[in-house]
Structures are given as C-alpha cells and as structure tokens.
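Open the model in your viewer and keep the selection tool ready. This tour goes stop by stop, from the whole chain down to single residues.

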Amino acid sequence: MRKILDIFGLFVVLSGVGGVIHHFFGWFRAWTLVTRQAFLDGHELAAGFVLIIFGLLVWILGEALLPTEKERNKKAEKSATRARRSGR
C-alpha cells in the first residue's frame, strides 16, 4: 500500500509541476492533467500548485503512516524477544 501511495503521490506532483511549466513556457502539454480539463480554463496555474501540494501530502502521509517491511519485521522481532523474556 505504501508503494502505491508513493507512486501516486509522485505522479500527482509531476503532473502539477508539468502544469505549472506548461503555464509559463507552453510545453509539457502531452502529459499534464491540468491542461486537458476544460473546467480548469483560466485556473491552470492554481490547479498545478494544488496538485503539487496534494501529491506531496499523499507522499508524506504514506511515508509517515504506513510502516515499511523492515520496520514491521523489527517490531515483530522486539515483541518476540519480550515474549521470550517474560516466559522465563
């Protein structure tokens, strides 16, 4: 689940950056979500910044809330060690 959130957050950030770059320079049109939406006409820059912030939030929350496999193994090892010590 963490990897999915990381990939999704990265995709959203890159899409937002592409939208901002397209607003200022006129290129990166092919892979940005912002330029393809008709209801965002005139609000592309704000939408690009919103996508960047949203993508960073998803990315950071995925890192903060979901443990990695290594962290889960370490926690299980600590609890097993405690169980062995209390059993003596």
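Helices here are DSSP runs of H or I that are at least four residues long, and they are numbered from the N terminus. With that in hand, select Arg2: this residue is found in helix H1. Keep in mind throughout that you are looking at a predicted model.

**Stop 1: the whole chain**

Zoom out and show the chain as a cartoon. How many helices and strands does the chain have? The count is 3 helices and 0 strands. Follow the sequence from its start, and the pattern reads α-α-α. The chain is more spread out than a compact globule, because its radius of gyration is 21 Å, well over the 12 Å that the globule rule gives for 88 residues.

Now turn the model along its principal axes. The C-alpha atoms fill a box of roughly 70 × 20 × 20 Å.

**Stop 2: surface and charge**

Switch on the surface. About 6800 Å² of the chain is exposed, and carbon and sulfur atoms supply 67% of that area. Buried residues account for 24% of the 88 residues.

Next, colour by charge. You will find 13 positive and 7 negative side chains. The centres of these two sets lie 14 Å apart.

Then turn to the contacts. Take those between residues at least 6 apart in sequence: 56% of them join residues at least 24 apart.

**Stop 3: the salt bridge**

Go back to Arg2 and add Glu63 to the selection. The structure holds 1 salt bridge, and Glu63 forms a salt bridge with Arg2. Their closest N and O atoms are 2.4 Å apart. The pair links distant parts of the chain, with the two positions 61 residues apart in sequence terms. Arg2 sits in helix H1 (residues 2-25), while Glu63 sits in helix H2 (residues 44-65).

Are the two partners buried or exposed? Arg2 has a relative accessible area of 16%, so it counts as buried, the cut-off being under 20%. Glu63 is partly exposed, at 37% relative accessibility.

Stay on Arg2 and show its surroundings. Leaving out residues up to four places away in sequence, Arg2 touches Gly62, Glu63, Leu66, Pro67, Thr68 and Glu71.

**Stop 4: Leu5**

Move along to Leu5, which is also found in helix H1. Leu5 counts as partly exposed, at 23% relative accessibility. Which residues does Leu5 contact, beyond its neighbours within four places in sequence? They are Val58, Gly62 and Leu66. Two of these names, Gly62 and Leu66, you met around Arg2.

Now select Trp59 together with Leu5. They are 54 residues apart along the chain, yet 6.2 Å separates their C-alpha atoms.

**Stop 5: Gly16**

Continue in helix H1 to Gly16. Is Gly16 buried or exposed? Gly16 is buried, with a relative accessible area of 0%. Not counting residues up to four places away in sequence, Gly16 touches Gly48, Leu51 and Ile52.

Add Leu33 to the view. This residue lies 17 residues from Gly16 along the chain, and the two C-alpha atoms are 7.9 Å apart.

**Stop 6: the loop at Gly42**

Where does Gly42 lie? Look at the loop between H1 and H2. Gly42 has a relative accessible area of 66%, so it is exposed, the cut-off being over 50%.

Pick His23 as well. The C-alpha atoms of Gly42 and His23 are separated by 10.0 Å, and the two residues are 19 apart along the chain.

**Stop 7: Ala46 in helix H2**

Step on to Ala46, which lies in helix H2. Ala46 counts as partly exposed, at 45% relative accessibility.

Finish by selecting Val58, one of the residues that Leu5 contacts. Ala46 and Val58 are 12 residues apart along the chain, and their C-alpha atoms are separated by 18 Å.

Key:
Residues are numbered from 1 along each chain as its sequence is written. This is a predicted model: local features need pLDDT of at least 70, side-chain atom pairs count only at pLDDT 80 or more; totals for chains, interfaces and linings use all residues. Side-chain values use heavy atoms; hydrogens and water are left out. A salt bridge is a side-chain nitrogen of Lys or Arg within 4 Å of a carboxyl oxygen of Asp or Glu. Buried means under 20% relative accessible area, exposed over 50%, partly exposed in between (1.4 Å probe, protein chains only). The radius of gyration is taken over C-alpha atoms; the globule rule is 2.2 Å times the number of residues to the power 0.38. Contact means heavy atoms within 4.5 Å. Accessible areas come from the Shrake-Rupley method with a 1.4 Å probe; for residues, only the protein chains shown count as cover. Lys and Arg count as positive and Asp and Glu as negative; His and the chain ends are not counted. The place of a charge is taken as NZ of Lys, CZ of Arg, CG of Asp or CD of Glu.
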